[in-house]
Amino acid sequence: MLRCLERAYKECAKALAEGDLVCIFPEGKLKRDGEMNPFRHGITEILKRHPAPVVPMALRGLWGSVLSRHEDAQWPRPIHRGAMTRLTLAVGEPIVPEDATPQHLQEVVSAAIDGAWHNSNFPDTFFRSTLMSGNTLGTLFTVTNFGESHGPAIGCVIDGCPPGMALTEADIQIELDRRRPGTSRHVTQRQEADQVEILSGMFEGVTTGTPIALLIRNTDQRSKDYGNIAQTFRPGHADYTYWQKYGVRDYRGGGRSSARMTAPTVAAGAVAKTWLRENFGLETRGCISALGEIEIPFVDWKYVPDNPFFSPNEEIVPRLEEYMDGFRKDGDSVGARIEVVATGVPVGLGEPLYDRLDADIAHAMMGLNAVKAVEIGAGFASVAQRGSQHGDEMTPEGFATNNAGGILGGISSGQEITVSIAIKPTSSIRTSRQSIHKDGAPATVEIFGRHDPCLGIRATPIAEALLALVLMDHALRHRAQCGDVVVGTPKIAARAPGK
Ligand SMILES: Cc1cc2nc3c(=O)[nH]c(=O)nc-3n(C[C@H](O)[C@H](O)[C@H](O)COP(=O)(O)O)c2cc1C
């Protein structure tokens, strides 16, 4: 941490000697998991040692990847943007004008930071989430999710979206409507409009480059549905672990563990999809490929919007309906497999070693409720393949196959990115199951609320959104570091003609 501070002082001194602006941030050492270990008064110390016009750009919403812009001197440590997002949210508008005197600046910033640590201006949850995080996805394009199933609203703050992109609530609503509950008898009958409101980050129809806050109000909560599980734990659900971990549990609809939290993910995904489409013609699409024991052979994407299962095969739909009716009658549930594909992906996205594109896709997909496995490309089928079969041959006309799922060495190859996820069966079922009471005594649990008999059915648009979010983040990261790299080798087609 000391070396980190020393470096900060040196960089600041150099930049300030040149009359440059400096971006400062109130965190400390970067931990291996990407979080910052906060140090007390970090920002204040810097100001004390350099009582010069240090402008807290971070607090003005301009935090970025450099500390000092002096002679292109780069601060090599990435700033954990999620933490800054929360700080900016808490602080609101710029707390110090650019022309503030050093004394004024020092007073205001010290007060803000002291106030933060000594808990006057900032909510308690700010510190907890800064330290624990877990609610933010992404590095340059970040999405911070908030809300609970039965609270007044859910939503997210997207930070790092490039400016100048045309965006409307309708662009986002289209995607939310695909995830919405209550659209067929095969999904939960909770009736949520899931109407999105854009609260910030837009001016005259285009993004401004500042945080985009999206709000979705909860309108159909029925807390009494969950009264019978307040004192016990549903087998297979998050009730037991949330209780043991936090010691506080909003049992209504699963609180924060509810899949309602995936609506903001889909909304943010719509923003990413819009940018990716505009910049690369990139599309992320998903469909169901297995419902319980029923394998669903892929026929055509065109069938996906026309049935409640996101099935790419229309002939199989009556069989799926009958199958699901059986589970509803029996008070049981079943799992599913979802395929997600990205087309039009440029070659080069992914940051080895630890932020490989496949690693980040798996991280994002495993962050979705009820996902139990993620495969990229041939996935587990690679186990039985030969090297002569698995390695995708290249010809001047393009790749011959795509066992890699569009990723080599953690970097996109320009082929389709193919991901499949396994989704477990719904835990909230009418069938009686054994559990325990809060006091440890045995209990039986039967659930009569409104639940999805197969979670996989509504997971398709969520998985698409997650893939889009990861690709958008990596597109910006690639542009930042390697955007000007040019090699003479032509970029070959994703698929050779006829392959
Ligand atoms: C789209 C979607 C809808 C879901 N709906 C329900 C539901 O109605 N009832 C339920 O018990 N679980 C539902 N879940 C799953 C739970 O949120 C999840 O199983 C629970 O939080 C435990 O987390 P885990 O399965 O990731 O371990 C849903 C998941 C998804 C992706």
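Trainee: What share of the 499 residues of the protein counts as buried?

Mentor: In this predicted model, 41% of the 499 residues count as buried. The criterion asks for 20 or more other C-beta atoms within 10 Å of a residue's own.

Trainee: How many helices and strands does the protein have?

Mentor: The protein has 12 helices and 20 strands. Among contacts between residues at least 6 apart in sequence, 71% join residues at least 24 apart.

Trainee: Why is H150 called buried?

Mentor: H150 has 20 C-beta neighbours inside 10 Å. The class begins at 20 or more, so H150 counts as buried. H150 is placed in the loop between strand 4 (142-147) and strand 5 (153-159). Its C-alpha atom is 9.9 Å from that of R217, and the two are 67 residues apart in sequence.

Trainee: What makes D194 buried, and E204 exposed?

Mentor: D194 has 23 other C-beta atoms within 10 Å, and the cut-off for a buried residue is 20 or more; D194 is therefore buried. E204 has 6 other C-beta atoms within 10 Å. A residue is exposed at 12 or fewer, so E204 is exposed.

Trainee: Where do D194 and E204 lie?

Mentor: D194 belongs to the loop between helix 6 and strand 6 (196-198), while E204 is in the loop between strand 7 (202-203) and strand 8 (206-207). Phi of D194 is near 50 degrees, a positive value in a residue other than glycine. E204, also not a glycine, has a positive phi of about 50 degrees.

Trainee: Why is V317 called partly exposed?

Mentor: V317 has 16 C-beta neighbours inside 10 Å. The exposed class stops at 12 and the buried class starts at 20, so V317, with its 16, counts as partly exposed. V317 lies in helix 9 (residues 317-330). Leaving aside residues up to four places away in sequence, V317 touches N307, F309 and S311. The C-alpha atoms of V317 and I296 are separated by 9.4 Å, with the two positions 21 residues apart along the chain counted as their separation.

Trainee: What makes helix 8 oblique to helix 12?

Mentor: Helix 8 (residues 262-280) and helix 12 (residues 456-482) pack at an angle of about 50 degrees, and their axes are 8 Å apart. That angle is neither under 35 degrees, as a roughly parallel pair requires, nor from 65 to 115, as a roughly perpendicular pair requires. Helix 8 is therefore oblique to helix 12. The crossing of helix 8 past helix 12 is left-handed. Residues of helix 8 that make the contact include T262, V266, A272 and W275, and those of helix 12 include P461, L466, L469 and M472. By class, this contact has 14 nonpolar, 3 polar and 2 charged residues.

Trainee: Why is helix 6 called oblique to helix 12?

Mentor: Helix 6 (residues 169-179) packs on helix 12 at an angle of about 140 degrees, with the axes 7 Å apart. A roughly antiparallel pair needs over 145 degrees, and the roughly perpendicular range ends at 115. Helix 6 is thus oblique to helix 12. In this contact, E175, R178 and R179 in helix 6 meet R458, P461, I462 and A465 in helix 12. The residues divide into 3 nonpolar, no polar and 4 charged.

Trainee: How does helix 10 pack with helix 12?

Mentor: Helix 10 and helix 12 pack at an angle of about 140 degrees, and their axes are 9 Å apart. Helix 10 passes helix 12 in a right-handed crossing. L357, D360, I361, A364 and M365 of helix 10 make the contact with A463, L466, L467, L469, V470 and H474 of helix 12. By class, these residues divide into 9 nonpolar, 1 polar and 1 charged.

Trainee: Which residues does a cis peptide bond join?

Mentor: The cis peptide bond joins P352 and L353, where omega is about 5 degrees. L353 is in the loop between strand 12 (336-343) and helix 10 (357-366).

Trainee: Which of the 20 residues around the ligand come nearest?

Mentor: The nearest are A259, N369, S428, H451 and R458. The shell around the ligand has 6 nonpolar, 11 polar and 3 charged residues.

Terms used:
Residues numbered from 1 in each chain as written. Predicted model: local features only at pLDDT ≥ 70, side-chain atom pairs only at ≥ 80, totals over all residues. Axes fitted to C-alpha atoms, helices over the stretch in contact; angles between N-to-C directions. Helix = DSSP H or I, 4+ residues; strand = E, 2+ residues; numbered from the N terminus. Left-handed = near helix turned anticlockwise from the far one by under 90°. Contact = placed C-beta atoms within 7 Å. Nonpolar A, V, L, I, M, F, W, Y, C, P; charged D, E, K, R; others polar. Near = placed C-beta within 6 Å.
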